[in-house]
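Me: I'm new to this structure and would love a close look at one part of it. Could you walk me through the place where the two chains meet?

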Number of protein chains: 2
Amino acid sequence: MSLSIRSAAILIIGDEVLNSKIRDLNSYTFAKFCFAHGITLKAISVVGDEALEIASEIRRMSAKYDFIVTSGGIGPTHDDITYEALATAFNLPLRLDETVVKRMKQLRSQLTFDLNPEQLAAQYRMATFPFGPEVKNIITDESLWVPVVAIRNQVHVLPGVPQLFSRLLTGLGDILKPRFPDLSSREYLRYYVKTSISESRLAPYLTSVQNQWDATLASEAVDDRIKIGSYPHMGLRINTISIIGLVKFKSQLREIVAGVVENLEGQEISKEEEDQMSVDMTEIKL
Amino acid sequence: MSLSIRSAAILIIGDEVLNSKIRDLNSYTFAKFCFAHGITLKAISVVGDEALEIASEIRRMSAKYDFIVTSGGIGPTHDDITYEALATAFNLPLRLDETVVKRMKQLRSQLTFDLNPEQLAAQYRMATFPFGPEVKNIITDESLWVPVVAIRNQVHVLPGVPQLFSRLLTGLGDILKPRFPDLSSREYLRYYVKTSISESRLAPYLTSVQNQWDATLASEAVDDRIKIGSYPHMGLRINTISIIGLVKFKSQLREIVAGVVENLEGQEISKEEEDQMSVDMTEIKL
C-alpha cells in the first residue's frame, strides 16, 4: 500500500450503534476531516462487537483503501475487542506495551494506584496491542496516555468516545500531513445553487453538464473529476445542486455554477444557507 | 434465504454522506426500527454513487442477512443509479413499470404534463426497476406513487430523503410484520445503570456476569443472549452499564440490574436520563 494517502474508509465498531442506543457521530467527523484534507472517503461501515466481523471487515477495507480508521472497542471491558480482532486480521501477536503502561500510570495515577489484580488486568487490556515491525504507536497528544495504534501505516485505531475520537484524529492529521495530498492541488471547493425546478425537469441539463465535464477531464483520475449532484429539500419544494471539485478547477466550477444559475432559474447559496435548509428538512413531519 | 426475518443490514448510497455534505439520519431510523421489531441489525454500510461498489456491497450483504434495506439513489438525475446497480448485482433486466407510471401520473399530474421528452425520460428512470419473478413492487402508502422495490423478498429499495425513508419504512414494517419475530417472544428490553466507578474497576465484575449468563443461556442463539455493555460519559465521569435482552428474560435482566446496582455502587436510570447524558457528552469541548 502506497504511503501517500488518497482514499479512506472508517470502521465503526460497537453494538451500541446497531441497537440504536447511540447515534454514531464519528463517521461524520471523519467525513469532514477527509473533505478538508483532500482525501476521498470511500466507505463507512458499522459492525458489532464480534471479533470475526471486525477482522473480516478490516481485511476487506485494507485491500482497497490507503487510510483506514477504526472507532471504538478499545476500553477495558469484555465487549472491547478491537485490538484482539485486528491482531487476528493481520496475524499478529498481542503484547502489553510497557511504555504505554508507564504513560498510563503517569497520567492516570490517581485512578490506578489501588486496583486489585483483576482490575489491573482489565486496565492493561487497554495497553495490549498487536505487535510487530508493522505496528507503530503514535502519540498524537502529550496529555493523553492512549496512543493511536497504526498497522502497516494504514489502519489507525481510535477510541469511540466522540470527544476523544475527534481530538486524537486532529492530532493524527497533523502527524500524517506529509502523506496527505498537497492541499494546494487537492483541496476541494463546493458550491451550491438552489432552484425550484423539479428534479425531472432539471435532470437532462445536469446530465449533459456532467457528461461534458467527464469528457473534458477524462485524463484525470475518476475521484479528481468534478461531481455534480442534486438534492431535494422535501416540503420546501426546493432542489439544491451541489458542484464539487478540486481547487485547480475553480474557474471550471464557477462556469458550471453560472450555467446552472442561468439554465435552471437558480440562485447560488452559501454552505450555511444549504445547511439550514437541510436542518429544516429533517424537522418536517409527514 | 428464509422468509422469516431475524437479521438485518442497511446500505446507504450517496456521495453526499461520504463528502460530508449531509449527515446520514436513515441508518439511525433503521436501527430504531429493528430494535423495536425484535430484529438484529448486523451491519450499516455507506458507499458512494458508484454502480460497482453498490452491486458488490449488496451481494455481500445478501449472502449474510435476512432483511436488507437500501437508502438513496432513486431520483431522476444522473447520480441516481441504485436500480441499475441492483439489476447488475442480481443479473436482472431493467424495465419501465407501466403501473407505476400510471400512479405517478395520477399523483403527480401537475408536475408531469408539460415535460419535454428528455425530462420525461429522466422522470421515467424513477419507474424503471429490476424485473423478473423475484422482484415485487410493494405499495406501502396509497398517497405516494413510489413503491418499495423488493428483490428476492430480501433487498428493499427506499428513498434517501429522511422523511420519505421513514414513512415508507413504517409502511413496509406493517406489510412485512408476518415475517418478523413474534414480538411476544422477541421484543427487547433495555435497562441502564449509572455508576461513577471507573471502567477498569468495574470490568472484572461485568465480565464475570456476562460469562455467567453466556454459560446459562448457551443453548440460545448468540443474538438471543443477554448483552451487557459499558459506555463512558467523558467529562461527566460517569459510566453507564447497558443490559439488553429478550422480554422472556425479564426476570434475569432485573436480577443483573440488581447485581450491578449492588456491586458497582450503581443507580438505575431511565432511557431518557441516559439519552440526556449522551447529549450532554457530545457538547463537551476538549
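Reply: Happy to; here is a tour of the contact between the chains, with a short stop inside one of them at the end.

Please keep in mind that this is a predicted model. Chain A brings 75 residues to the contact, and chain B brings 75 residues as well. The size of an interface is often given as the accessible area lost when the parts come together. Between chain B and chain A, about 6,400 Å² is buried, and carbon and sulfur atoms give 54% of that area.

Charged pairs come next. There are 12 salt bridges between chain B and chain A. To see one up close, find Asp114(B) and Arg201(A): their closest N and O atoms are 2.8 Å apart. Polar contacts also cross the interface, with 23 residue pairs found. On the side of chain B that touches chain A, helix H10 (residues 199-216) gives the most, with 9 residues. Sorted by class, that side of chain B has 34 nonpolar, 19 polar and 22 charged residues.

Strands link the chains too. Strand E2 (residues 40-47) of chain A and strand E2 (residues 40-47) of chain B run antiparallel, joined by 5 bridges. Within this pairing, look for Val46(A), which stands opposite Ile44(B).

Finally, a stop in chain A: Thr82(A) belongs to helix H4 (residues 82-89). Thr82(A) counts as buried because its relative accessibility is 0%, under the 20% cut-off. Among the residues Thr82(A) touches are Ile13(A), Thr70(A) and Val157(A).

Note on methods. Residues are numbered from 1 along each chain as its sequence is written. Chains are lettered from A and ligands numbered from 1 in the order in which they are written. This is a predicted model: local features need pLDDT of at least 70, side-chain atom pairs count only at pLDDT 80 or more; totals for chains, interfaces and linings use all residues. Side-chain values use heavy atoms; hydrogens and water are left out. Helices (H or I, at least four residues) and strands (E, at least two) are DSSP runs, numbered from the N terminus. Buried means under 20% relative accessible area, exposed over 50%, partly exposed in between (1.4 Å probe, protein chains only). Contact means heavy atoms within 4.5 Å. Buried area is the accessible area (1.4 Å probe) that two parts lose on being put together, summed over both. A salt bridge is a side-chain nitrogen of Lys or Arg within 4 Å of a carboxyl oxygen of Asp or Glu. A polar contact is a pair of N or O atoms within 3.5 Å; within protein, one must be able to donate a hydrogen and the other to accept it, and residues adjacent in sequence count only if both atoms are side-chain atoms. Ala, Val, Leu, Ile, Met, Phe, Trp, Tyr, Cys and Pro count as nonpolar, Asp, Glu, Lys and Arg as charged, and the others, Gly among them, as polar. Two strands pair if DSSP finds at least two bridges between them. Lists of a residue's contacts leave out its neighbours within four places in sequence.
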